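Notebook open, coffee poured. I want to see how the helices and strands sit together here, and how the copies relate.

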Number of protein chains: 2
Amino acid sequence: MAASAKRVEQLQRRVQELEEELARERGGGGQGQGQGQRARIEQMSPEVTDSNPYSRLMALKRMGIVKDYEKIRSFAVAVVGVGGVGSVTAEMLTRCGIGKLLLFDYDKVELANMNRLFFQPHQAGLSKVQAAEHTLRNINPDVQFEVHNYNITTVNNFQHFMDRISKGGLEEGKPVDLVLSCVDNFEARMAINTACNELGQIWMESGVSENAVSGHIQLVIPGESACFACAPPLVVAANIDEKTLKREGVCAASLPTTMGVVAGLLVQNVLKYLLNFGTVSFYLGYNAMQDFFPAMTMKPNPQCSDRNCRKQQEEFEKKEAANPKQEVFEQHEEIVHEDNDWGIELVSEISEEELKTASGPVPDLPEGITLAYTIPNKEESGVDGETVQESEESLEELMAKMKSI
Amino acid sequence: MAASAKRVEQLQRRVQELEEELARERGGGGQGQGQGQRARIEQMSPEVTDSNPYSRLMALKRMGIVKDYEKIRSFAVAVVGVGGVGSVTAEMLTRCGIGKLLLFDYDKVELANMNRLFFQPHQAGLSKVQAAEHTLRNINPDVQFEVHNYNITTVNNFQHFMDRISKGGLEEGKPVDLVLSCVDNFEARMAINTACNELGQIWMESGVSENAVSGHIQLVIPGESACFACAPPLVVAANIDEKTLKREGVCAASLPTTMGVVAGLLVQNVLKYLLNFGTVSFYLGYNAMQDFFPAMTMKPNPQCSDRNCRKQQEEFEKKEAANPKQEVFEQHEEIVHEDNDWGIELVSEISEEELKTASGPVPDLPEGITLAYTIPNKEESGVDGETVQESEESLEELMAKMKSI
């Protein structure tokens, strides 16, 4: 009996030990649901101590870079696409102490994603937004998270997405401050563009090429700068073989370096925009092969196929006329190409066969930037549905044809 | 008795349950010592499946970017400094499947580091190399790790550091393929420089400014490009107030964005160098305020204060004379300033008082790049010890003086 009692006692001790160990493990960033080891911080402090996670950020004030760093807590940012660029983007914003993050994705974590930063092998099988929320909450419990595990391009989800970016701000009912597109396909980008044009929502787009060696970021202010439907999306020319272009069914290459750089440039632009320092870039490209970084600004297209874009342009013009000095980025130096170079047709460059799918306007581009593809001109092609579907497949063909001319 | 036996059985079951749970937790990337959930992979495969962590990297071959991606496994890289830049650098190389990583740092993880990527709050208090090794091994068990928790600048550690970079390659006894400097102070950079000049070891340097809004990477090929003692280290001018420059005892600012971009550019340069694609950059700056990326190349200084640098220069010249076409980077386009612009004295720019500490040669710099500080000219200043100590404190003073002229 005494032996049995002792055995019970031993086992009880072991259970307690294991329970404590498990709690430590889970509290410390494992797979569990713990809140992380650090307590919430009510107010950002500039105090220089090892235990202050905000000391190096608040130092931006002392260094004369940012006037009011604490303001970061008043902003809500939506990140659409939590892959190679989006996950790092969300982590950077979380570590910077953003007020609220809304994450949208419908993918699952796979081992095939392990060549990019952020996700870890033990998260394989989890939804990306769920895995990201867990890791990010652990890193910074001061940030509010709202995650949506769905594809924004389906009709119902699109409505819900519109609803959340227009009402899911830091204060419920107010819009978010910025939408970041970190998606990897045309359809999703066009959905974000459509939503932001309708809502007058400022957003930034990002992208990485299929060969993993170039990328870009772009700021879209509806009515003020070119939207995604105003002009074909731009890519940084990488001087590589035609065979490296996207092909249906071929696995795209990706690198943690290129995606990390693009996420870094994107979030830097976000910080400059939200906290009002430095020069916010309208378009910044990254060509990894030559370490070349083309920059430019594009005005919106008065003939844009998106009527909400045209409406935003009218409103912007009215506002400009009423208060000509009021500009969103006073510190911005416009390096614009000729103002009304829109409406150039591809007639002389593309065969008649493609004219139907590729007759949209083409901007005059600086060296090193080329068009990813063109956007169908509805009037000429006689299509009056959404632009999303029709142009999606033209990339490869058009690029090949344009190259061969 | 029966009750007691039942209780023992219950407890045993609970212990087993908890042990299994704990194992799952640890295996899944918690704080424990588990090897992670994925098994080692003997050979990199290009197979496009969700479970292949190398599919997106091997796709670089199909895309025509890299000829032989698998070669990445044959390289050993030493990362000195596992902070904001070094930790992300190590993670990127780990995810790319580098053969071996050697990590050097003597710091502990603190909550004050949480504004940069990589470390998590539950790791506070652990040594940076230990915490990094655990996380990285979990991410990619195919990589070999060797970590050293010490300061490389002390005499004994410096000897050991020299020993490990000259013998700690993938095959023990062979040198590493590349040393990456991700440290945050002059002394450690100079120690790396001294070691690499003596060993003829190619290395890359990286740095981020104290105000967090600029950074750079630099490739040093002993004898072929300027070493750290040949010319004062360069910084990207950020057009900011004098008060933002480094001051003794003042907490430096840092941002996950700038550090992420610098780490990304650094590892991209490493991949281009090791896997032989694109153009390897000798110097690439990043000015976050203006999104400006100055590039340049610098020849070594024939009067360099480091005698091993001068020796390497002689050897390089001999090699060049014997085989004039043999260059390390055949694809590299030299954008060099006038060839022998060295030896310019700062006489007209700096007061007589500073001449003693700041009379080293100054290169002709492209727009946007300025000197961080100057290196003492031993002959003139009459000092014949190591250069490290003497020049360390001149940064702030010189910058201030140079600005005020």
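My entries below go through the sheet, then a helix pair, then the two chains.

Entry 1. Reminder to self: this is a predicted model.

Entry 2. I looked up the sheet in chain A. It is open, has 8 strands in the order E3-E2-E1-E4-E5-E6-E8-E9, and its pairing is mixed. I checked the edges next: E3 (144–148) and E9 (295–296) of chain A each have a single partner strand, so one side of each has no neighbour in the sheet.

Entry 3. I zoomed in on one strand pair. E1 (residues 76–80) and E2 (residues 100–104) of chain A run parallel and are joined by 5 bridges. Val80(A) sits opposite Phe104(A) in E2(A).

Entry 4. What does H6(A) lie across? I found E1, E4 (178–181) and E5 (203–208) of chain A under that heading, with H6(A) running at about 170 degrees to E5(A).

Entry 5. I then took H5 (residues 155–167) against H6 (residues 186–199), both in chain A: the angle is about 50 degrees and the axes are 11 Å apart. That makes H5(A) and H6(A) oblique to each other. H5(A) passes H6(A) in a right-handed crossing. On the H5(A) side I noted contact residues including Phe158(A), Phe161(A) and Ile165(A); on the H6(A) side, Ile192(A) and Leu199(A) are among them. The residues of this contact split into 9 nonpolar, 2 polar and 1 charged.

Entry 6. Last, I superposed the copies. A turn of 180 degrees plus a shift of 0.3 Å along the axis lays chain A on chain B with an RMSD of 0.5 Å. The two are thus related as by a two-fold rotation axis. Both copies use the same surface, as 100% of the contact residues of chain A recur in chain B.

Key. Residues are numbered from 1 along each chain as its sequence is written. Chains are lettered from A and ligands numbered from 1 in the order in which they are written. This is a predicted model: local features need pLDDT of at least 70, side-chain atom pairs count only at pLDDT 80 or more; totals for chains, interfaces and linings use all residues. Side-chain values use heavy atoms; hydrogens and water are left out. Axes are lines fitted to C-alpha atoms, for helices over the stretch in contact, and angles run from 0 to 180 degrees between N-to-C directions. Helices (H or I, at least four residues) and strands (E, at least two) are DSSP runs, numbered from the N terminus. Angles under 35 degrees count as roughly parallel, over 145 as roughly antiparallel, 65 to 115 as roughly perpendicular and the rest as oblique. A crossing is left-handed if the near helix is turned anticlockwise from the far one by less than a right angle, and right-handed if clockwise. Contact means heavy atoms within 4.5 Å. Ala, Val, Leu, Ile, Met, Phe, Trp, Tyr, Cys and Pro count as nonpolar, Asp, Glu, Lys and Arg as charged, and the others, Gly among them, as polar. Copies are superposed by least squares on the C-alpha atoms of residues with pLDDT of at least 70 in both. Two strands pair if DSSP finds at least two bridges between them.
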